[in-house]
Amino acid sequence: MEKGRFAPSPSGRMHLGNLMCSLLAWLSARASGGQVVLRIEDLDAARCPRTYADLLEQDLAWLGLVWDEGGSAGGPDGPYYQSERFEIYKQYYDKLNALGLVYPCFCSRSQLHAASAPHRADGQVVYPGTCRGLSPEEVARRALKKAPAWRVQVPDRVIGFTDGHLGHYEENLAADCGDFYLRRGDGVYAYQLAVVVDDALMGVTQVVRGADLLSSTPRQLWLYETLGLPAPRFYHLPLLLAPDGRRLSKRDGDVSLEQLAARYTPEQIVGRLAYACGLQTEPAPRTPAQLLPDFDWAKVPRQDICLPEGLF
């Protein structure tokens, strides 16, 4: 039986892009008779207060996107708040460290962007290994001024997979990704490690998320392999864009569910989202359960989706 998950970051009220991802994740798992886990990705607890996590649960339940375990209700694989799982992450961080793969990094983001480090096609810096060969003495000297972050050294190796929606994707970890963060200088564990550990320990078999995370998948697959953990199947969905082509963002104040709920019923919101992502031919009101019989990933576009003017 499939086991999917919602894994929202509660840094504000959900916008339409978050809702579309939650809807497709729910439909993909339920269409196969599977279960759904709600995991709250609040690694940075200061940015993700519990009040937003509580509102998120209320919003999902109001829309009919009910889950089987997780969130405040708990379950057999808890805790389901990442801010409460640091001791678990430490165990797997220590495994990578014992393999000699972890090293301290003192580089700032501004230093990396100012340096002649390689860049990906999307503009992200590929870490050039600046701190990889520092001597113990140099590490001790720099640590007196700044607490280091910690990176994992990746192999010069191509990791590929077949995405359930977008097809084949691959990267050379050394050339296209570079050594990536496992833990920040303040002790907060990085998303890449946390999500791998959580999905494996929670028994997640399918991950539905935005295409902006597609490039994270090869490094995560390498972590699954290196840590001896089972990897899920991945389905990356197109991003939902504003009518002007801009990416939706909580920071930019794009329409939140709080605003939508004042104008539409849950069925109207779900039906219009389903129309936008190709699951029905008109924006008729629907519950998530009513969309299940005809759900098919083949209906969902592979390119980013521009919201039609006036749909919301």
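## A guided tour of the model

Start by selecting P79, which lies in the loop between strand 3 and helix 3 (86-98). Helices (H or I, at least four residues) and strands (E, at least two) are DSSP runs, numbered from the N terminus. Now add G78 to your selection: a cis peptide bond joins G78 and P79, with omega at about 0°.

Before moving on, a word about what is on your screen. This is a predicted model, in which local features need pLDDT of at least 70 and side-chain atom pairs count only at pLDDT 80 or more, while totals for chains, interfaces and linings use all residues. Residues are numbered from 1 along each chain as its sequence is written, and side-chain values use heavy atoms, with hydrogens and water left out.

**Stop 1: the parallel sheet**

Select strands 1, 2 and 3. They form an open sheet in the order 1-2-3, and the pairing is parallel. Two strands count as paired if DSSP finds at least two bridges between them. Strand 1 (3-6) and strand 3 (69-70) stand at the edges with a single partner strand each, so one side of each has no neighbour in the sheet. Between strand 2 (residues 35-38) and strand 3 there are two bridges. Click on V37 and you will find E69 of strand 3 standing opposite.

**Stop 2: helix 1**

Next, select residues 16-31. This is helix 1, with 16 residues; from its first C-alpha to its last it reaches 22 Å, close to the 22 Å expected at 1.5 Å a residue. The expected span is 1.5 Å times one less than the number of residues. Is helix 1 mostly covered or mostly open? It is mostly covered, with 14 of its 16 residues buried. Here buried means under 20% relative accessible area, exposed means over 50%, and partly exposed is in between (1.4 Å probe, protein chains only). Just after helix 1, look for G33, which takes a positive phi of about 75°.

**Stop 3: a residue of helix 2**

Now pick L55, found in helix 2 (residues 50-63). L55 counts as partly exposed because its relative accessibility is 27%. If you would like to try your viewer's distance tool, choose the C-alpha atoms of L55 and S9: they are separated by 12 Å, and the two residues are 46 residues apart along the chain.

**Stop 4: the antiparallel sheet**

Select strands 4, 5 and 8. These three form an open sheet in the order 4-5-8, with antiparallel pairing. Strand 4 (102-105) and strand 8 (180-183) are the edge strands, each pairing on one side only. On average, neighbouring strands of this sheet are turned by 50° against each other, direction ignored. Strand 4 is joined to strand 5 (residues 149-152) by four bridges. Which residue of strand 5 stands opposite C105? It is A149.

**Stop 5: a hairpin**

Move to strand 6 (residues 158-163) and strand 7 (residues 167-172), which pair in the antiparallel sense over six bridges. The two strands form a hairpin with three residues between them. Within the pair, T162 stands opposite H168 of strand 7. Turn on the side chains of strand 6 to see them alternate: I159, F161 and D163 point to one face and are buried, while V158, G160 and T162 point to the other and are not.

**Stop 6: helix 8 and strand 10**

Select helix 8 (217-227). Nine of its eleven residues are buried, so helix 8 is largely enclosed by the rest of the structure. Among the buried ones are W222, L223 and Y224. Just after helix 8 comes G228, with a positive phi of about 70°.

Follow the loop from helix 8 towards strand 10 (233-237) and you meet P232. P232 counts as buried because its relative accessibility is 8%. Strand 10 itself is mostly covered, as four of its five residues are buried. Strand 10 pairs with strand 9 (residues 206-210) in the parallel sense over five bridges. Here R209 has H236 of strand 10 as its bridge partner.

**Last stop: a pocket**

Finish by selecting L16, P243, V255, L307 and F312. Of the 13 residues that line the second largest pocket, these lie nearest its centre. Nine of the lining residues are nonpolar, one is polar and three are charged. About 200 Å³ of space lies in this pocket. On a 1 Å grid over the protein atoms alone, a pocket is an open set of points with protein on both sides within 12 Å along at least five of seven lines, and lining residues have an atom within 4 Å of a point.

Terms used:
Axes fitted to C-alpha atoms, helices over the stretch in contact; angles between N-to-C directions. 1 Å grid on protein atoms, 1.4 Å probe; cavity = no way out; pocket = protein on both sides within 12 Å on 5 of 7 lines; lining within 4 Å. Points joined across faces, edges and corners; volume = space filled by probe spheres on them. Nonpolar A, V, L, I, M, F, W, Y, C, P; charged D, E, K, R; others polar.
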